[in-house]
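Let's take a friendly walk through this one. We'll start with the whole chain and then stop at two residues.

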Amino acid sequence: MEQFLVIQTASIGDVILTTPLAEALHSSFPHVQIDILVRKGNEGLLSSHPFLHQVLTWDKDHRKYLHLLRLLVLIRERRYDYVINVQRFASSGLLTAFSKAKVRIGFGKNPFSVFFDRAVKHDIAPGGTFVHEVDRNLSLIRTIVPDGEQYPRLYPSEDDYKSTVSLKGQPYVCIAPASLWFTKQYPSKKWIEFLRVIPAEYYVYLIGSGKDKDLCDQIIKDSGHEHAETLAGRLTFLQTAAMMKDAVMNFVNDSAPQHLASAVDAPVAAIFCSTVPAFGFGPLSGRSYVIETRELLNCRPCGLHGLRKCPLDHFKCAYTIENKQLLDVFLR
């Protein structure tokens, strides 16, 4: 039995956008063993995944480099047939280059790519054409699985769905208002305005991590919405995905919840502020919408991953988005 190791120790969204590799490998080779290495804290995304043999974790918060060396020893002992590195950072490149795998694959931008057996180009909008990050990731295994389209997939368990049943007594909307980056986050003032005009027949749940709870509570309080509730910090990743799956619509930033929605084919409306879908990180659900400013701003996009503040101090890419653009999604 051939053994594969996929490495992606970046953020939640990056892990989700890596899952198509497991789908593609399993589809073509149902009997291979697929392991994945993720950052500690993100393993809950994959706890019910049917195609993964083992989920390895790297603790980046405690004795980071000691743990990295221990992982390297473990990986070398396992002698994988393939190590496929989806990241472009030196730490994952080190693990790949010295893994003792028969075949080592990664992106050419990785500092250790000179030691890979196959280094693949990773271009954002190459030649002005749109390429989704999923397709860039799948390019790593095109010599192994040459054809076939795959999408991100997560697998909430039956218990994940059961644990959210009591919250689904009436039609509801989910809103994920937070982001790690200021210029990717639709302003709380705009979320408050939106809550005030959401059709009365919909209950509203604000979702996110425990760190987002105060933001969610403040948005609900300031909006005066009588049928809204904060779920931030109360649900696991997969329980959140189970909630999003049955929502009338999920309103999100260009952030991890967008990819959670895509991974369970939940309806999603993604708000892009400083970033643009052309970077290749847009929603992939069957029913998905992109919402962005209608104004032509010379300053947009101002960065690939978002910034901690608007470089021009006006944040027009967010504030010029109109409530009507969000409300129109309900009519489509």
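When we talk about charges here, Lys and Arg count as positive and Asp and Glu as negative, while His and the chain ends are left out. On that count, the protein chain carries 38 positive and 34 negative charges, and the mean positions of the two sets lie 6 Å apart. Keep in mind that what you're looking at is a predicted model.

**The whole chain**

So what is the chain built from? You'll find 12 helices and 12 strands in it. Laid along the principal axes, the C-alpha atoms fill a box of roughly 60 × 50 × 40 Å. The radius of gyration is 20 Å, which agrees with a compact globule, because a globule of 332 residues would have a value near 20 Å.

How much of the chain is buried? Of its 332 residues, 54% count as buried. As for the outside, the accessible surface comes to about 15,000 Å², and carbon and sulfur atoms own 52% of that. Contacts also reach across the sequence: take those with a separation of 6 or more, and 62% of them involve residues 24 or more positions apart.

**Two stops along the way**

Here are the two residues side by side.

| Residue | Loop it sits in | Relative accessible area |
|---|---|---|
| H122 | between strand 6 (118-120) and helix 5 (133-138) | 2% |
| G306 | between strand 12 (288-291) and helix 11 (316-319) | 8% |

Why does H122 count as buried? Its relative accessible area is 2%, and the cut-off for buried is under 20%. Which side chains does H122 meet through polar contacts? One is R88, with a side-chain to side-chain contact of 3.2 Å. Another is E133, whose side chain makes a polar contact of 3.1 Å with that of H122. Setting aside residues up to four places away in sequence, H122 touches R88, F107, K109, E133 and R136.

Now over to G306. This residue counts as buried because its relative accessibility is 8%, again to be read against the cut-off of under 20%. Which residues does G306 touch, once those up to four places away in sequence are set aside? They are W181, T183, K184, S274 and T275. Have a look at T183 in particular: T183 and G306 are 123 residues apart along the chain, yet their C-alpha atoms are separated by 5.3 Å.

Notes
Residues are numbered from 1 along each chain as its sequence is written. This is a predicted model: local features need pLDDT of at least 70, side-chain atom pairs count only at pLDDT 80 or more; totals for chains, interfaces and linings use all residues. Side-chain values use heavy atoms; hydrogens and water are left out. Helices (H or I, at least four residues) and strands (E, at least two) are DSSP runs, numbered from the N terminus. The radius of gyration is taken over C-alpha atoms; the globule rule is 2.2 Å times the number of residues to the power 0.38. Buried means under 20% relative accessible area, exposed over 50%, partly exposed in between (1.4 Å probe, protein chains only). Contact means heavy atoms within 4.5 Å. Accessible areas come from the Shrake-Rupley method with a 1.4 Å probe; for residues, only the protein chains shown count as cover. The place of a charge is taken as NZ of Lys, CZ of Arg, CG of Asp or CD of Glu. A polar contact is a pair of N or O atoms within 3.5 Å; within protein, one must be able to donate a hydrogen and the other to accept it, and residues adjacent in sequence count only if both atoms are side-chain atoms.
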